[in-house]
Amino acid sequence: MPEGITAEMLLNNIMETINDNAQKKKPGSFFEEETSNSITSQIKRLFGREKPVHHVLGGGQPADVMLWRNKKISASFITGATAIWVLFEWLNYHFLTLLCFTLVLGMIAQFVWSNASGVFGRSSSEVPRIVLPDELFVNLGASVGAQFNNALCFLQDVACGGNLKQFLVVVVCLWAAAVVGSWCNFLTVMYIGFIAAHTLPVLYERYEDQVDGFVYQVLGQLQNNYRKLDSGFLSKIPKGKLKGKKHE
């Protein structure tokens with residue numbers, strides 16, 4: 001009978017469509033899509049980064065402060081730096097003046113403490129004294145000297161390495177730093193760098209997908225412009241031979 005055949009055919013078609021949809025919506029395919037998306041997102045990270053921002057910053061307490069893991073400590077660092085900048089920039093305090101005022105206040109506090117110890121029944125030996133360890137200055141000087149020597153070695157390697165592209169990039173960066181330094185003094189530059197170090201990493205960690213996409217678009221445009229400059233001008237510059245000819 002044609003009617004029975006058509007009904008069976010319809011039931012078979014419905015069952016086949018249900019099975020096909022169930023196979024398409026397996027949980028394994030969902031996880032495979034997630035893993036593929038995660039792999040592509042890792043590939044598209046800035047500078048090929050595969051590790052989290054906290055690990056890139058070195059981990060430990062400095063990374064926690066820059067990423068605002070403890071908001072009270074990070075806010076205290078920002079407040080202290082802002083207070084120092086306001087004292088020297090807005091209120092026009094000098095370092096020697098502020099140092100002398102701080103020492104005078106400390107001496108007055110110790111003088112009052114030692115003379116009032118008899119009134120409160122305390123001995124003068126209980127007056128607090130501040131003693132800075134010698135290792136603090138030794139470690140500070142060694143770290144500053146090491147960083148300074150590394151910077152000098154890098155600049156000399158770039159100057160003597162014969163890589164014209166790297167040499168031009170470093171020269172442009174130093175020129176930009178000189179221009180920024182002409183706009184404001186050294187303390188303001190240090191304050192801007194300190195604020196940027198404590199705000200940009202946490203903002204990047206929160207909006208890293210948007211930032212990476214924007215940066216890669218800008219880098220693509222810069223690479224296209226550099227290729228045009230390289231093909232039109234830089235490739236035509238003759239390269240000097242560093243090795244001399246052998247004499248017989």
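This is a guided tour of the structure above, stop by stop, with a selection to make at each one.

**Before selecting anything**

The model is predicted, so local features are taken up only where pLDDT is at least 70 and side-chain atom pairs only at pLDDT 80 or more, whereas totals for chains, interfaces and linings use all residues. Residues are numbered from 1 along each chain as its sequence is written, and side-chain values use heavy atoms, with hydrogens and water left out.

**The whole chain**

Show the protein as a cartoon: it has 10 helices and 0 strands, where helices (H or I, at least four residues) and strands (E, at least two) are DSSP runs numbered from the N terminus. Of the 248 residues, 11% count as buried, buried meaning under 20% relative accessible area, exposed over 50% and partly exposed in between, with a 1.4 Å probe and protein chains only. Among contacts (heavy atoms within 4.5 Å) with a separation of 6 or more, 52% are between residues 24 or more positions apart.

**First pair: H5 and H9**

Select residues 71-90, which form helix H5, together with residues 186-206, which form helix H9; the two pack at an angle of about 165 degrees with their axes 11 Å apart. H5 is therefore roughly antiparallel to H9. The axes are lines fitted to C-alpha atoms, for helices over the stretch in contact, and the angles run from 0 to 180 degrees between N-to-C directions; angles under 35 degrees count as roughly parallel, over 145 as roughly antiparallel, 65 to 115 as roughly perpendicular and the rest as oblique.

The crossing of H5 and H9 is left-handed, a term used if the near helix is turned anticlockwise from the far one by less than a right angle, with right-handed used if clockwise. To see the contact, display side chains on the H5 side for Phe 77, Ile 78, Ala 81, Thr 82, Trp 85, Phe 88 and Glu 89, and on the H9 side for Leu 187, Thr 188, Tyr 191, Phe 194, Ile 195 and His 198. The residues of this contact divide into 9 nonpolar, 3 polar and 1 charged, where Ala, Val, Leu, Ile, Met, Phe, Trp, Tyr, Cys and Pro count as nonpolar, Asp, Glu, Lys and Arg as charged, and the others, Gly among them, as polar.

Staying with these helices, select Ala 75, which lies in H5 and counts as partly exposed at 29% relative accessibility. Ala 75 and His 198 are 123 residues apart in sequence and 9.5 Å apart in space, C-alpha to C-alpha.

**The start of H5 and the loop before it**

Select Ser 74, also in H5, which counts as buried at 0% relative accessibility. Leaving aside its neighbours within four places in sequence, Ser 74 is in contact with Asp 64, Val 65 and Trp 68.

Move next to Trp 68, in the loop between H4 and H5, which is partly exposed at 27% relative accessibility. Most residues other than glycine have a negative phi; the phi of Trp 68, however, is positive, near 60 degrees. Asn 92, in the loop between H5 and helix H6 (95-115), likewise has a positive phi, near 55 degrees, and counts as exposed at 56% relative accessibility.

**The salt bridge**

A search of the whole structure finds 1 salt bridge, defined as a side-chain nitrogen of Lys or Arg within 4 Å of a carboxyl oxygen of Asp or Glu. Select Glu 205 and Arg 69, whose closest N and O atoms are 3.0 Å apart. The pair links distant parts of the chain, with Glu 205 in helix H9 and Arg 69 in the loop between helix H4 (60-66) and H5, 136 residues apart. Glu 205 is partly exposed at 27% relative accessibility, and Arg 69 is partly exposed at 45%.

**From H9 into H10**

Keep Glu 205 selected and add helix H10 (residues 208-232), which packs with H9 at an angle of about 95 degrees, the axes being 5 Å apart; H9 and H10 are therefore roughly perpendicular to each other. Here Tyr 204, Glu 205 and Arg 206 in H9 meet Glu 208, Val 211 and Asp 212 in H10, a contact whose residues divide into 2 nonpolar, no polar and 4 charged.

**Last stop: H7 and H8**

Finally, select helix H7 (residues 134-160) and helix H8 (residues 164-183), which pack at an angle of about 135 degrees with their axes 8 Å apart, and are therefore oblique to each other. Phe 154, Leu 155, Val 158 and Ala 159 in H7 meet Gln 166, Phe 167, Val 170 and Leu 174 in H8, giving 7 nonpolar, 1 polar and no charged residues in the contact.
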